[in-house]
Amino acid sequence: MPEDKDVKARGLARRGFLGAALAAAPAVALASNATAQAAADPVAPPPPAQAKPGDPDFGPNVYVFDGSIPTAQIQATVDAVYAQQQHAEFGDGRYALLFKPGGYGIDVKLGYYTHIAGLGLQPAASGITGSCQVLGEAHGNNTLINFWRGAENLNIVPRSGQDTWAVSQATFYRRIYLLGDLKLSDGSWSSGGYIADCQLTGQINSGTQQQWVTRNSVLGSWVGSNWNIVFVGTANAPATTFPTPPVTSVPKSPVIREKPFLYVDSTGAWQVFVPAVRHDAQATSWEAQKPAGASIPIANFLIVKAGTTVADMNAALAQGRHLLITPGIYHLSESLKVTKPDTVILGLGYATLIPDNGAIAIDVADVDGVHLAGLLIEAGAVQSEALIRVGPAGSRRDHSANPSSLHDVFARIGGTLAGKTKQSLVVNSNNVIIDNTWLWRADHGSGVGWTSNTVDQGLVVNGDDVVAYGLFVEHHQKTQVQWNGENGRTYFFQNEMPYDPPNQAGWMDGTHRGFPAYAVGDHVRRHEAWGLGSYCIFAIDRTIVADRAIAAPRTPGVKFHSMITFSLGGGQGTIAHIVNTTGGPSDSTTNLGMLAQYP
């Protein structure tokens, strides 16, 4: 078996395959760690934020702007945050930029672990006239590793008429009212991303994006498609044309609730708004209407900052309070235990939780209406059973009237340390909504190797009536998604199999060669999924075969729509079939496999 250093030497940084696929280049170009983490001189951190009288103290990394602050000062602060975060892929900086209602003539560029948001109840309340962008300039216009940054609840009017949002996984663009065009790539490869609850008045150009999912939005128009472009509940979206071009459009979201968000009401009081559940939903939750939902006063939240202990957090949760976790990295000596219904745990600025001692970072009881949002969970050095568990094993309650939800909740195993967990996310409760998640076993960074950052499965669903929108799961060492509950639904799935199995004998699922990316339990009789993509590049041993990307019982109630597989790097590895023994192969002869329906 190769040493971990040999794995790194083979360039397991971040795939650079889109150039080959989209520009007919002869070979894949996997970026090295040096390229992925562009060298830069150390940059001084921006000056710490200072809370104004009457505002909550969110700590030094949450900047709250209002009309009394000179535009030049706001611009200087935004620029200073970007200067520090532009190259900080695995850095420890975490920042939130919050704008009270008003208008701001500034230009914003977002780097790693930076979260920008308006503080109005409606997106139109906080306006940026200038730009709010993610560019590829940190990596030579290559945005394949433009992870971990997001924007929400803003009215953006780009002076040029067009903004660029060139991102990949673990990003979000939510509750944005954009008066202009939006470009989703920046001249080179890109592999994202997620739009939800937005009104975008101009043209959206997906450019080089390998895949994209847009949910419950209103578009001016859309141009572009490469491998897997999915729309759900989106007005003016292109019609389904998969496989030529590979666009899938589902008219409505069967059940959805939007992400909770922080806002300041007309009296200046700080609140967290928890949107209501919508059924058979199309378009946004807010345009031409008052958003439906409930407000929670900030006094009902424990504001988690440096120095807040796990005991403090659990005491607050036990009392029925909520958690607002400010930007930072928090080590957990024990699990955060959510036992009360309607609990909100809301992170700002990619607040990061690392469980120590083998704990589960967040352990949720089988109760109604728990909402986890805006969090990055990173595996610790001692193996956990899971990073997040929603409901104990055997959960059976019906939560259809008040489902729990996860929004912009991301997991990482490896990258900064040799993290270990058995599973990333386990959902045992019924009726849970998963709304944009990236569960990632790191393929580059520190602590990376077949025996270093170890994890079996990504998402395991045992509950019934669970629905996932924007499901990104990559590089886990066994099955990426194992779905055992009934009546599950997935709207968009993106996956890469692990790059680094040592050989075929070391990567076997019983008698099957390799593990499936998406597996539905043999006993399941009702399951449906739209827009699934699974890709392989076996960089250690290109003779490795995965017998199937999707494993599922062949029964009328288990249905799949719009599936692709791809053997990257000009065919470095094989996916023999798309579903069971149907479709494919994707190999050195035929890289791309496509299947419109199964069965």
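Nine strands form an open sheet, and their pairing is parallel. The order across the sheet is β25-β27-β29-β31-β33-β35-β39-β41-β43. At its edges lie β25 (336-338) and β43 (574-579), each of which pairs on one side only. From one strand to the next, the twist averages 25°. This is a predicted model. The mean pLDDT of the chain is 93, and 93% of its residues reach 70 or more. Residues 1-40 are another matter: pLDDT stays under 50 there. For that stretch the model has 102 contacts beyond four places in sequence.

Return to the sheet of nine strands. Strand β31 is joined to β33 (residues 457-461) by four bridges, and the two run parallel. Take Q423: its bridge partner in β33 is Q457.

Strand β31 also takes part in a salt bridge. E385 pairs with K422, and their closest N and O atoms are 3.0 Å apart. E385 lies in strand β29 (residues 384-390) and K422 in strand β31 (residues 421-427), so the salt bridge ties together parts that are 37 residues apart in sequence. E385 is partly exposed, with a relative accessible area of 44%. K422 is partly exposed as well, at 33%.

Now look at a second sheet. Three strands make up this open sheet, in the order β18-β19-β21, with antiparallel pairing. Its edge strands are β18 (261-264) and β21 (293-297); each pairs on one side only. Here the twist averages 35° from one strand to the next. Four bridges join β18 to β19 (residues 270-275), and these two strands run antiparallel. One residue to find is V264, whose bridge partner in β19 is W270.

Next come the nonpolar cores. In soluble globular proteins, nonpolar side chains tend to be buried together. The largest nonpolar core here has 71 residues. Within this core, L323, I362, L372, L459, Y518 and F560 touch the most other members. I362 is a good place to start. Leaving aside residues up to four places away in sequence, I362 touches L336, V338, I345, L353, L372, L375, I377, L387, I388 and R389. Apart from the largest core lies another, of 39 residues. Its members include F65, Y104, C132 and I204.

Charged side chains add further links. Side chains of opposite charge can pair when their charged atoms come close. The whole structure holds 21 salt bridges. In one of them, the side chains of K52 and D66 meet at 3.0 Å, N to O. K52 sits in the loop between α3 (33-36) and β1 (62-65), and D66 in the loop between β1 and α4 (71-85), so the pair ties together parts that are 14 residues apart in sequence. K52 is partly exposed, with a relative accessible area of 31%. D66 counts as buried, because its relative accessibility is 14% and the cut-off for buried is under 20%.

Another salt bridge joins D500 to R441, with the closest N and O atoms 2.9 Å apart. This pair links distant parts of the chain, 59 residues apart. D500 is in the loop between β36 (488-496) and β37 (508-509), while R441 is in strand β32 (residues 433-441). Both D500 and R441 are buried. Elsewhere, salt bridges that share partners form one network. Joined in this network are E152, R174, R215, E258, K259, R278, D408 and D435.

Note on methods:
Residues numbered from 1 in each chain as written. Predicted model: local features only at pLDDT ≥ 70, side-chain atom pairs only at ≥ 80, totals over all residues. Heavy atoms only, no water. Core = buried A, V, L, I, M, F, W, Y, C linked by side-chain atoms within 4.5 Å. Buried < 20%, exposed > 50% of the residue type's maximum accessible area, 1.4 Å probe, protein only. Contact = heavy atoms within 4.5 Å. Pairing = 2+ DSSP bridges. Axes fitted to C-alpha atoms, helices over the stretch in contact; angles between N-to-C directions. Salt bridge = Lys/Arg side-chain N within 4 Å of Asp/Glu carboxyl O. pLDDT = per-residue confidence, 0-100.
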